[in-house]
Amino acid sequence: MEQYGIEFRNIHKSYDGKTDVINGLNLTIPSGQRTVLLGPSGCGKSTLLRMIAGLEEITKGELLMGGQAANDLEPGERNVAMVFQNYALYPHMTVEKNIKFGMEIAKFSKEEQEERLGWALDILGLSKYKARYPRELSGGQRQRVALCRALVKKAPYFLLDEPLSNLDAQLRTTARAELVKIHEVYEPTFIYVTHDQIEAMTVGEKIIVLNKSIVQQYDTPDAVYNSPANVFVARFIGSPSMNILDAPVVEGQFVFGESKVTIPDKWRELIGDRKTVTFGIRPEHIRFSEMGDVAISVSYIENHGNEKVISYSVGEHTFMASTEPDFEYSEAMKMVINWDKVHLFDGQTTKNLGYPQ
Ligand code: ADP
Ligand code: MG
């Protein structure tokens, strides 16, 4: 399905004719991949997805689908299947009827309908439930019926807008794996919208991180986690989020509250003559020792069973660290800086300064 890529060329969208909610977006999404649009609520994810589906008019700019101008195509001409957060099933129809309904409208033969129904029910483990009504299903099962309904279209574009938001935490975990499985069945161009970074990390082959409709980073899950392009991405990906503070650079040392820490030469090269740098380190990369580098003041310690979360301050900044569950903190301990796990960002532009070597 190499031919089902998507390209946004200088796309603008305004709902009121005055303010742009999408302001000149350029973006290319390749064919056949699982791409996640990730960003906070209101950043324009649904608007973008609905533009691809043909449900939202494009104010300015060009949308290409499979290399062809698509701005003026009707939804039915776009080869898309879409799953929404609020997947309304028809309450008076059985699972089977709900799933076949679209195929009947599209005038599929009876045999074709039967075959696709069986195929989709099987993939999502719903075969036993086809005679049931929606009210006789759990939330997770209803969501899977909605996925089946989209799946039977075998559309080359599979669009999902926060499809798991209504499920409880455990069902979400299973459903994420099912979504990946659906994609692998016929490898459509799969575009998944979410504000949940864990979902993005587990479902996406590539993640597009958006803030206010501007692409912050477009990369693999590993790359957005390990080398975030800027402070926004660094804070958005990871839970608890990365510890970040602005650290003055004085004579080759960082000033962290009352402590001064000598900066290794290879990092000094990246810092250049900057006077302040934004320093970041993830909670899971923090260690403490009496031989540590930075004086801290611990405010509380929570035992989560699988880890201990330590909340403490460095100067005026609050930090979080996750440690082994059997870690015992003692007063004399300081924070150890593991330079292999440090991220530095420009104090003004907030862009990542890169990594030494
Ligand atoms: P997301 O899906 O990332 O939460 P949306 O694409 O739904 O964001 O919304 C982007 C922006 O457009 C928001 O500021 C939202 O309030 C606005 N918006 C979305 N839909 C409409 C609409 N139908 N009319 C007016 N404004 C809208
Ligand atoms: Mg949305």
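Begin by selecting helix 1, residues 45–53, together with ligand 1: this helix supplies three residues to the shell around the ligand, the largest share. Please bear in mind throughout that the model is predicted.

**The shell around the ligand**

Next, select the residues that surround ligand 1: Tyr15, Val21, Pro40, Ser41, Gly42, Cys43, Gly44, Lys45, Ser46 and Thr47. Colouring them by character shows four nonpolar residues, five polar ones and one charged one.

**Contacts with ligand oxygen atoms**

Now display the atoms of three of these residues in turn. At cysteine 43, a backbone N or O atom lies 3.2 Å from an oxygen atom of ligand 1. At glycine 44, a backbone N or O atom is again involved, and its distance from an oxygen atom of the ligand is 3.0 Å. At lysine 45, look instead at the side chain, where a polar atom lies 2.9 Å from an oxygen atom of ligand 1. Showing the surface completes this stop: ligand 1 taken alone exposes 560 Å², of which the protein buries 55%.

**The nonpolar cores**

Leave the ligand and select Ile99, Leu124, Leu151, Phe158, Leu160 and Tyr192. These residues have the most contacts inside the largest nonpolar core, which has 42 residues. Add helix 4, residues 139–151, which contributes six residues, the largest share of this core.

Centre the view on leucine 124. Which residues is leucine 124 in contact with, leaving aside its neighbours within four places in sequence? They are Arg144, Leu147, Cys148, Leu151, Glu178 and Ile182.

For the final stop, select Val261, Val314, Trp339 and Leu344. They are among the 30 residues of another core, which lies apart from the largest one.

Technical notes:
Residues numbered from 1 in each chain as written. Chains lettered and ligands numbered in written order. Predicted model: local features only at pLDDT ≥ 70, side-chain atom pairs only at ≥ 80, totals over all residues. Heavy atoms only, no water. Near = heavy atom within 4 Å. Polar contact = N/O pair within 3.5 Å; in protein donor to acceptor, adjacent residues only side chain to side chain. Areas by Shrake-Rupley, 256 points an atom, 1.4 Å probe, with all protein chains shown as cover. Helix = DSSP H or I, 4+ residues; strand = E, 2+ residues; numbered from the N terminus. Nonpolar A, V, L, I, M, F, W, Y, C, P; charged D, E, K, R; others polar. Core = buried A, V, L, I, M, F, W, Y, C linked by side-chain atoms within 4.5 Å. Buried < 20%, exposed > 50% of the residue type's maximum accessible area, 1.4 Å probe, protein only. Contact = heavy atoms within 4.5 Å.
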